[in-house]
Amino acid sequence: MNYITDNAPLTDGMHLLVDALKRNGVETIYGVVGIPVTDLARHAQEVGIRYIGFRHEQSAGNAAAVSGYLTQKPGICLTVSAPGFLNGLTALACATQNGFPMIQISGSSDRNIIDLQQGDYEGLDQMNIAKPFAKAAYRINRPEDIAVGVARAIRAAVSGRPGGVYLDITTAMLSTTMDAEAAAASLFTPIDPAPKQYPCSNAVKRALKLLASAKKPLIILGKGAAYAQAENQVRTLVEETGIPFLPMSMAKGLLPDDHPQCAASARSLVLGQGDVVMLIGARLNWLLTHGKGKKWNPAVQFIQLDIEPEEMDSNRPIAAPVVGDIVSSLEVMIAKMDNFNIQCPKEWRDAIDTVKQTNAVKMQAKLTTPTSPMNYFNALKAVSDVMQGYKDIYLVNEGANTLDDTRNVVNMYRPRLRLDTGTWGVMGIGMGYAIGAAVTSGKQVIAIEGDSAFGFSGMEVETICRYHLPVTIVVMNNGGIYRGNDPNLGGGADPSPTSLTPDARYDKMIEAFGGMAYHVTTPDELRTALTDALASRKPSLINCVIDPAVGTESGHIGNLNPKSSLSPTPPKEG
Ligand code: ADP
Ligand code: MG
């Protein structure tokens, strides 16, 4: 809507910003409204941009981030000034760590009051605070800069290694008017915002030569390869060379987990013995113990495919760096592969298959051993059985043991369907990712949540119900962080630091907002409830009661958890 004055029609910053987003293909804004962005959200809805309103900005930011991961276009999160901005900033920082493109657009209060620190309503120097947490941060002070500001934000979010961008919009800018015709003429769409980047041919030859020399080669697939949508090239490379592959958590499903060359269940063997390891969109960070230490073959040599040149040698020397985008890099490597005769030795594949068979038998025993109450394994067996009928469903997963055990038990069959705690191992992504995935794809989502992890974003069940999203939440409820039976070492009446309410009924939460609620205590009940919930495609929550005594402290990363030698610590899982 334009204002008509005596002379030329006018528009204002708020309208022009929405027009710029629409012009750049933005379909959805995730946010929480308030001063000064309420009308902006209304206007976005008015022009056909979907607005999804949350209960907390962190979840809105997580939804935007995951939508960026799934689409290669920046997800947009809208926040109010100061506290709303700060609440969203955690998600922006997390997106940057994960390499997911998103833009947090935040209203901010009057510059003149902030800059003199005179105490404005929700006054904060937001852009300077955002800088260290974002890939880039910009402020738009004048409507005539909106088109360029939005273009800069989009390019920064999606080019090179993607990340989170902060875009500060001042209250004054939002209401400043400008000539409507000039405003419309200023809008544009950036050409090729994430350009292809081919690696240099020497780097490709060096990498292929090293790969051809391997006796025990291994390919590690990371979420960068999933983000890059490189599944076809990855499949060609893997199947033509016969090299085993190990998917990182969110790369599960890039090739199916039941692919004969998947070495996920022989992880210790392949890391411990692999002599040439090719990293495709995976960093040698804490999740791979920095490529060093007792988990790794001490003589291992690395090939690394990554778009970020500074990633090379960040943790240990890389013998063959290949800098470029993954699809282009793999296309070039595949085209040149025939000159190098790369074939995985049969003895190595046989050794891996033997270990896989042994481990499959052990896992089967764990999954089928009945216990009362349930434990993670017999509960997850029921979940995984039902999910065989839903191979296209998104799986959101967070928690400690809930995360580790679900990753190991529930196979993925298609790319980018597994969404989890990611690079930071952060709790609280659950409902934001579930909503973002459901809204972006229109598909069903199952969120498998530890009871503690669920608590960080649990209020968003109201959002899920309000928008009628096909999200089913399974809360693995053992009544605590890690587990629910720790004592208070001081002997007092307060619960221990890791305890939550015993016998909590998380199912009642969704009931309050009209969703479908289930309370289950056996694998059979879980199987029935999940079958029913998924068939309904309705917002649903299953409170899945498991033994308070099961759960290993810090899950699989107990080694990162310092233990005091001065006071007794509660016993480990029995
Ligand atoms: P994981 O946690 O699955 O191991 P990481 O997030 O550590 O994966 O690593 C992903 C890597 O992928 C990052 O280093 C990032 O720079 C890289 N990356 C992301 N997108 C692309 C792309 N299109 N081409 C090449 N590399 C990419
Ligand atoms: Mg728990």
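**Surroundings of K215 and the two ligand sites**

Beyond its neighbours within four places in sequence, K215 is in contact with D275, P345 and W348. In this predicted model, K215 belongs to the loop that runs between α10 (201-212) and β9 (217-221). The residue is classed as exposed because its relative accessible area of 59% lies over the 50% cut-off. S265 follows 50 residues apart along the chain from K215, and the C-alpha atoms of the two are separated by 20 Å.

The magnesium ion (ligand 2) has as its protein donors D451 (OD), N478 (OD1) and G480 (O), at 2.1 to 2.2 Å. These donor residues follow the spacing D-x26-N-x1-G in sequence. Distant parts of the chain are thereby linked: D451 is located in helix α19 (residues 451-457), whereas N478, 27 residues apart from D451, is located in the loop between β17 (471-477) and α21 (507-511). Both D451 and N478 are buried.

Ligand 1 is surrounded by 18 residues, of which R161, K223, R283, D306 and I326 come nearest. The side chain of R161 places an N or O atom 2.7 Å from an oxygen atom of the ligand, and for the side chain of R283 the corresponding distance to an oxygen atom of ligand 1 is 2.8 Å. A polar backbone atom of I307 lies 3.1 Å from a nitrogen atom of ligand 1. Of the 580 Å² of accessible area that ligand 1 has on its own, the protein covers 94%. Helix α11 (residues 223-227) contributes the largest share of the shell, 3 residues. By residue class, the shell around ligand 1 comprises 6 nonpolar, 6 polar and 6 charged residues.

Methods: Residues are numbered from 1 along each chain as its sequence is written. Chains are lettered from A and ligands numbered from 1 in the order in which they are written. This is a predicted model: local features need pLDDT of at least 70, side-chain atom pairs count only at pLDDT 80 or more; totals for chains, interfaces and linings use all residues. Side-chain values use heavy atoms; hydrogens and water are left out. Helices (H or I, at least four residues) and strands (E, at least two) are DSSP runs, numbered from the N terminus. Buried means under 20% relative accessible area, exposed over 50%, partly exposed in between (1.4 Å probe, protein chains only). Contact means heavy atoms within 4.5 Å. Donors are N, O and S atoms within 2.8 Å of the metal (3.2 Å for Na, K and Ca); water is not among the atoms, so sites may look incomplete. A residue is near a molecule or strand if one of its heavy atoms lies within 4 Å of it. A polar contact is a pair of N or O atoms within 3.5 Å; within protein, one must be able to donate a hydrogen and the other to accept it, and residues adjacent in sequence count only if both atoms are side-chain atoms. Accessible areas come from the Shrake-Rupley method with a 1.4 Å probe; for residues, only the protein chains shown count as cover. Ala, Val, Leu, Ile, Met, Phe, Trp, Tyr, Cys and Pro count as nonpolar, Asp, Glu, Lys and Arg as charged, and the others, Gly among them, as polar.
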